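Reader: I would like a close look at a single part of this protein, set in the context of the whole fold. Please give the cut-offs behind each term as you go.

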Amino acid sequence: MRGRPTIYEDANIIKKAQEVFWQKGYSAASLSDLQKATGAGAGSFYNTFKGGKKEVFQKAIGERRLAFDAFKKELSASESPLQLIKDFFRSIAQADQNEHLKGCIIANTVVEMTFIDEDLEANAVQILKEVEQIFTEVIKQEQTKGTLKTQTSPEILGKYLITFWCGLNTLRRMYPDENILKDQIEMQLAVIS
């Protein structure tokens with residue numbers, strides 16, 4: 001007979017923990033916060049996550065990497081991948097206020113973990129670099145096809161979109177207003193039109 005299942009067998013546990021980290025950040029999220037959100041007791045939590053809070057955080061960040069991987073597959077299957085990237089940015093303006101205030105957990109982690117935890121910072125930086133590479137490849141393909149007229153190097157434009165992404169995640173906290181964000185997003189997207 002099998003013993004009690006571990007809490008990690010439920011993928012929702014990581015998503016619930018991710019929500020805590022997204023709202024509070026790594027440092028401010030307590031074991032009590034994580035237990036309350038996931039419904040796990042301290043013993044069950046540490047039995048499942050031997051690495052404690054850091055392991056749960058790494059798994060939560062890993063969930064975002066999976067989302068970006070899915071986006072990459074969607075882009076590679078699309079006949080208009082550049083349009084999908086633009087639509088991705090445009091959709092941010094339509095998010096609700098809570099989403100605006102959360103920003104991006106990956107960008108948040110880079111900022112929070114600088115000088116605090118090199119491993120967590122490096123992991124978040126690597127994810128952003130992977131997204132930058134996704135953007136760079138799409139731009140390169142669109143320039144080759146002649147559908148993107150700018151001659152700015154794809155590498156510079158890939159970094160530009162990451163800069164835009166990180167800045168937008170601060171701006172949306174300052175101005176969680178759809179109309180303000182739409183105007184700013186369109187102005188920034190003009191660079192890759």
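Author: What follows starts with the overall fold and then turns to helix H1 and the nonpolar core.

This is a predicted model, in which local features need pLDDT of at least 70 and side-chain atom pairs count only at pLDDT 80 or more, while totals for chains, interfaces and linings use all residues. Residues are numbered from 1 along each chain as its sequence is written, and side-chain values use heavy atoms, with hydrogens and water left out.

The protein has ten helices and zero strands, where helices (H or I, at least four residues) and strands (E, at least two) are DSSP runs numbered from the N terminus. Its C-alpha atoms fill a box of roughly 60 × 40 × 30 Å along the principal axes. Of the 193 residues, 40% are buried, a term that means under 20% relative accessible area, with exposed meaning over 50% and partly exposed in between (1.4 Å probe, protein chains only). Taking a contact as heavy atoms within 4.5 Å, 65% of the contacts between residues at least 6 apart in sequence join residues at least 24 apart.

Helix H1 covers residues 11-28 and bends by about 80° at Trp22, the bend being the angle between axes fitted to the seven residues ending there and the seven starting there. Trp22 is itself one of the buried residues of H1, which also include Ile13, Ile14, Ala17, Gln18, Val20, Phe21, Gly25 and Tyr26. These buried residues pack against helix H2 (31-38), H4, helix H6 (97-102), H7 and H8.

Phe21 also belongs to the largest nonpolar core, a set of 51 residues in which Phe21, Phe89, Ile106 and Ile185 have the most contacts; such a core consists of buried Ala, Val, Leu, Ile, Met, Phe, Trp, Tyr and Cys residues joined through side-chain atoms within 4.5 Å. The elements giving two or more residues to this core are H1, helix H4 (52-77), helix H5 (81-93), helix H7 (105-113), helix H8 (118-145), H9 and helix H10 (178-189), and H8 gives the largest share, nine residues. In soluble globular proteins, nonpolar side chains tend to be buried together.

Leaving out residues up to four places away in sequence, Ile185 touches Phe89, Arg90, Ile92, Ala93, Phe164 and Leu168. Asn169, in helix H9 (residues 154-174), counts as buried because its relative accessibility is 3%, and beyond its neighbours within four places in sequence Asn169 is in contact with Gly103 and Cys104.
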